[in-house]
Amino acid sequence: MLDRPNIYAGVPLDRAALRRKDKDWLAEAWASPAARVIPVWRTRSFVGGPAESPCAVFTPASLGVEGDPIFLGLWSGAPLFALDLSTHETPEEHPALAGLGRFEDLRVAGPLMEAGEAGLCAYARGIVWWNARHRFCGVCGSPAESAEAGHVRVCTNPDCATHHFPRTDPAVIMLVHDGGGRMVLGRNSRFPPGMHSVLAGFVEPGESLEDAVAREVQEEVGLTVTDIRYHSSQPWPFPSSLMLGFSARAVDFDIRADQDELETARWFDRAFLRDHTPGDDFRLARRDSIARRMIDEWIAAGD
Ligand SMILES: [Zn+2]
């Protein structure tokens with residue numbers, strides 16, 4: 001059991017999913033003075049406060065910001081909605097938002113925010129992005145309109161009428177160890193200088209999670225793994241993933257890094273990982289990531 005949820009997980013919200021089809025209830029909720037809106041603008045989240053400790057800014061729904069509201073749930077009993085403001089050129093100057101905050105990338109602001117607020121912003125970002133990317137039916141190409149408070153999009157062609165549901169893309173992230181004091185870390189050229197992390201990849205159609213772990217490790221570093229064990233999961237709406245953390249034990253040890261995916265990959269000793277000084281030659285993934293959590297727990301397990 002985890003002593004605390006991963007970042008963006010464990011959001012303190014009653015999703016009240018059974019209300020999504022109740023148009024009268026939703027209209028009343030939207031009109032309620034207690035209703036709040038999480039504005040999202042071109043994937044960015046609305047935050048206030050200083051840059052080093054931002055806080056989410058939820059605006060009253062009654063302020064009259066136009067758009068298709070998406071019902072997120074009940075937050076301390078108050079109806080909470082997400083609203084996509086992407087058609088605005090300068091949303092911070094909208095009369096309903098002026099002076100209240102700024103739009104920031106949640107990947108930067110999220111880890112600095114209170115966990116519950118960060119999770120709510122992540123949920124809002126994910127569901128707004130899905131709606132924005134599914135404006136047309138993938139079956140017949142007709143426009144698809146929002147239904148069930150933004151949780152379904154329905155094809156407007158009556159001969160098709162396909163219902164499209166929000167998608168989440170499963171991605172596996174795995175700590176590969178040797179059963180003793182070494183683990184594999186790799187470096188992608190897109191990482192910040194010196195950063196090393198565990199391996200990761202998307203689950204493909206027709207695969208179990210364990211199949212995906214084994215395949216990705218084989219593809220990325222040429223190792224065969226066994227003893228694949230689930231650790232925990234983390235919503236990762238950048239744009240639409242769910243990270244599923246695993247550990248896996250290698251049964252061979254000769255690393256051949258796939259140069260298309262990794263700049264480098266090799267075995268690291270537990271003692272080095274525990275005692276190193278982070279710098280541009282070597283540092284671990286950010287402390288708020290599921291990757292770092294798995295690495296830190298593995299290091300501690302050997303002490
Ligand atoms: Zn259609």
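Glu 204 is partly exposed, with a relative accessible area of 42%; partly exposed covers the range between buried (under 20% relative accessible area) and exposed (over 50%), with a 1.4 Å probe and protein chains only. The model is predicted: local features need pLDDT of at least 70, side-chain atom pairs count only at pLDDT 80 or more, and totals for chains, interfaces and linings use all residues. Residues are numbered from 1 along each chain as its sequence is written, and side-chain values use heavy atoms, with hydrogens and water left out.

**Salt bridges**

Glu 204 forms a salt bridge with Arg 215. The term stands for a side-chain nitrogen of Lys or Arg within 4 Å of a carboxyl oxygen of Asp or Glu. Glu 204 lies in the loop between strand S14 (199–202) and helix H4 (209–221), while Arg 215 belongs to helix H4, so the pair ties together parts that are 11 residues apart in sequence. Helices (H or I, at least four residues) and strands (E, at least two) are DSSP runs, numbered from the N terminus. Arg 215 counts as buried, at 16% relative accessibility. Both residues belong to a network of salt bridges that links Glu 204, Glu 207, Arg 215, Glu 216 and Glu 219.

By this rule the count comes to 18 salt bridges, including the three in the table.

| Acidic residue | Basic residue | Closest N and O atoms |
|---|---|---|
| Glu 204 | Arg 215 | 3.8 Å |
| Glu 263 | Arg 187 | 2.8 Å |
| Asp 280 | Arg 283 | 3.2 Å |

In the salt bridge of Glu 263 and Arg 187, Glu 263 sits in the loop between strand S16 (241–250) and strand S17 (264–269) and Arg 187 in strand S12 (residues 182–187), so the pair joins parts that are 76 residues apart in sequence. Glu 263 is partly exposed, with a relative accessible area of 42%, whereas Arg 187 is buried at 10%. In the third pair, Asp 280 is exposed at 55% relative accessibility and Arg 283 is partly exposed at 26%.

**Chain and domains**

The chain has 303 residues, of which 47% count as buried. Its secondary structure comes to six helices and 18 strands, and the C-alpha trace spans about 60 × 50 × 35 Å along its principal axes. Of the contacts (heavy atoms within 4.5 Å) with a separation of 6 or more, 64% are between residues 24 or more positions apart.

The chain is divided into domain 1 (17–133), domain 2 (137–166) and domain 3 (169–300), with bounds from an automatic or database domain assignment. The C-alpha centres of domain 1 and domain 3 lie 33 Å apart. Their contact takes seven residues from domain 1 and six residues from domain 3.

**The interface of domain 1 and domain 3**

Between them, domain 1 and domain 3 bury about 630 Å², 72% of it on carbon and sulfur atoms; buried area is the accessible area (1.4 Å probe) that two parts lose on being put together, summed over both. In domain 1, Arg 107, Pro 111 and Trp 129 lose the most area to domain 3, together 58% of what that side buries. Across this interface the rule finds zero salt bridges.

On the side of domain 1 that touches domain 3, helix H2 (106–109) and helix H3 (115–132) are the elements that give two or more residues. H3 gives the most, with four residues.
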